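This report describes the fold of one chain, from its sheets to its backbone irregularities. The model is a predicted one.

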Amino acid sequence: MFFNTFIAFAAVSSSAFLNVQAHGTITGVTGANGVQAAGFGIIATTPRNGGLPKPFEQDTSVIRNQAIASGKTGVCGSTAAGGNNDVAAQLAAASAAGLPTAAADGSVTMTLHQVNEDGAGPFTCDVSGDGGNTFQAATVTTQVPGKFGLSLAVAKDFPLVAQMPAGMACTATACIMRCRNPALAGPFGSCVAVSNGSGGLPLLGLPPAGTAAAWDLPPAGTAAAGTAAKAKGGLAGLLSKFTGKARAPAPAKRYLASRVAGKRSGYWLDNQ
Ligand SMILES: [Cu+2]
């Protein structure tokens, strides 16, 4: 019964949609650091309240292994509106805008916007730490409903959570989480840029002289620790002027420029 229904549904879907672009896309990435971002090729002004090919599918990626292997697209496929997703350019743009971070356990929380029937689950995700050269399987822990990439949902958001493998090192600008469904006209989905806060994010060193302002902006949620560390360093420095003792080392802030949460990002480190 279901199977017959599915075959009829699939036949209708494939004949109706085979030659149009894509139907389920990642419109949101919610970083553990509070940064909100979106998938590659997403156009923020695309309306999300309908299921017709135009304009609602314009920024969904089609990510086909065959197209990737032949060089027709990069590893993140292409969109109707933007063509090939230039992975390096998308990574750079995402980094400049401020990267969302994975949770401590490597989970990446995304919003899958299903435009129409063949943008459904289940989604398969993999992750690249080297700018898209190689991918490792990720574990989808919150799945989008559907069978074979099909469901009756239209213009609907679903949570999609995928977990990086343990010890994942993001040696490029960021890790790329790539999720796609098995739809016949697809696969559909998106790539997203995400940092896991360890491994490979280049440390740019201490801020140069004259950039004190940057020190005053610890990452969200660490204001107290940052202020305390700074106060401690400042007090130690002040005392050293009177005691003549060696000045206690100032708290070191390693910061990542715009890579995570813009210029406000970084880690406040206690001196050892
Ligand atoms: Cu569709």
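In this predicted model, seven strands make up an open sheet with antiparallel pairing, and their order is β5-β4-β3-β12-β11-β7-β8. The edges are held by β5 (83-84) and β8 (136-137); each has a single partner strand, so one side of each is left without a neighbour in the sheet. At the β8 end, strand β7 (residues 124-128) runs antiparallel to β8 and is joined to β8 by two bridges. Within this pair, V127 is placed opposite Q136 of β8.

A further open sheet has five strands, in the order β2-β1-β6-β10-β9, and its pairing is antiparallel. Here the edge strands are β2 (36-37) and β9 (139-142); because each has a single partner strand, one side of each is left without a neighbour in the sheet. Strands of a sheet pair through backbone hydrogen bonds, either parallel or antiparallel.

Strand β10 (residues 156-163) stands between β6 and β9 in the strand order. With β9, β10 pairs in the antiparallel sense over three bridges. T142 has V161 of β10 as its bridge partner, and V140 stands opposite A162 in β10. With strand β6 (residues 107-114), β10 pairs over eight bridges, also in the antiparallel sense. In that pairing, S107 has Q163 of β10 as its bridge partner.

The chain as a whole contains six helices and 14 strands. Of its 272 residues, 41% are buried. Among contacts with a separation of 6 or more, 66% are between residues 24 or more positions apart.

**Helix α4**

How do the buried and exposed residues of α4 lie around the helix? Helix α4 spans residues 87-97, and its buried residues are V87, Q90, L91, A94 and S95. Viewed down the axis of α4, these buried residues fall within an arc of 135 degrees, so they line one face of the helix. An α-helix has 3.6 residues a turn, so residues three or four places apart point the same way. The exposed residues A88, A89 and A93 are carried on the face of α4 turned away from its buried side.

The packing partners of the buried residues of α4 are β2 and β12 (188-194). Strand β2 belongs to the five-stranded sheet, whereas β12 belongs to the seven-stranded sheet. The buried residues of α4 therefore pack against a strand from each of these two sheets. Just after α4, G98 adopts a positive phi of about 105 degrees.

**Backbone irregularities**

Two peptide bonds that precede a proline are cis. In one of them, the bond from K54 to P55, omega is near 0 degrees; P55 is placed in helix α2 (residues 53-56). The bond from G186 to P187 is also cis, with omega near 0 degrees. P187 sits in the loop between β11 (175-180) and β12, two strands that are neighbours in the order of the seven-stranded sheet.

Positive phi values also occur at F148 and at A155, neither of which is a glycine. F148 is in the loop between β9 and β10, and A155 lies in the loop between β9 and β10 as well. The table gives the phi and the surroundings of each.

| Residue | Phi | Burial | Other C-beta atoms within 10 Å |
|---|---|---|---|
| F148 | positive, about 55 degrees | partly exposed | 17 C-beta atoms |
| A155 | positive, near 50 degrees | partly exposed | 16 C-beta atoms |

A residue counts as buried if 20 or more other C-beta atoms lie within 10 Å of its own and as exposed if 12 or fewer do. With 17 such atoms, F148 is therefore partly exposed, and A155, with 16, is therefore partly exposed too.

**Confidence**

The average pLDDT of the chain is 76, and 64% of the residues score at least 70. Residues 1-21 have a pLDDT below 50; this stretch has 19 contacts in the model beyond near neighbours in sequence. Residues 199-272 likewise have a pLDDT below 50, and this stretch has 89 contacts in the model beyond near neighbours in sequence. Where pLDDT is low, the predicted coordinates should not be read in detail.

Methods: Residues numbered from 1 in each chain as written. Predicted model: local features only at pLDDT ≥ 70, side-chain atom pairs only at ≥ 80, totals over all residues. Pairing = 2+ DSSP bridges. Helix = DSSP H or I, 4+ residues; strand = E, 2+ residues; numbered from the N terminus. Arc of directions from axis to C-beta. Contact = placed C-beta atoms within 7 Å. pLDDT = per-residue confidence, 0-100.
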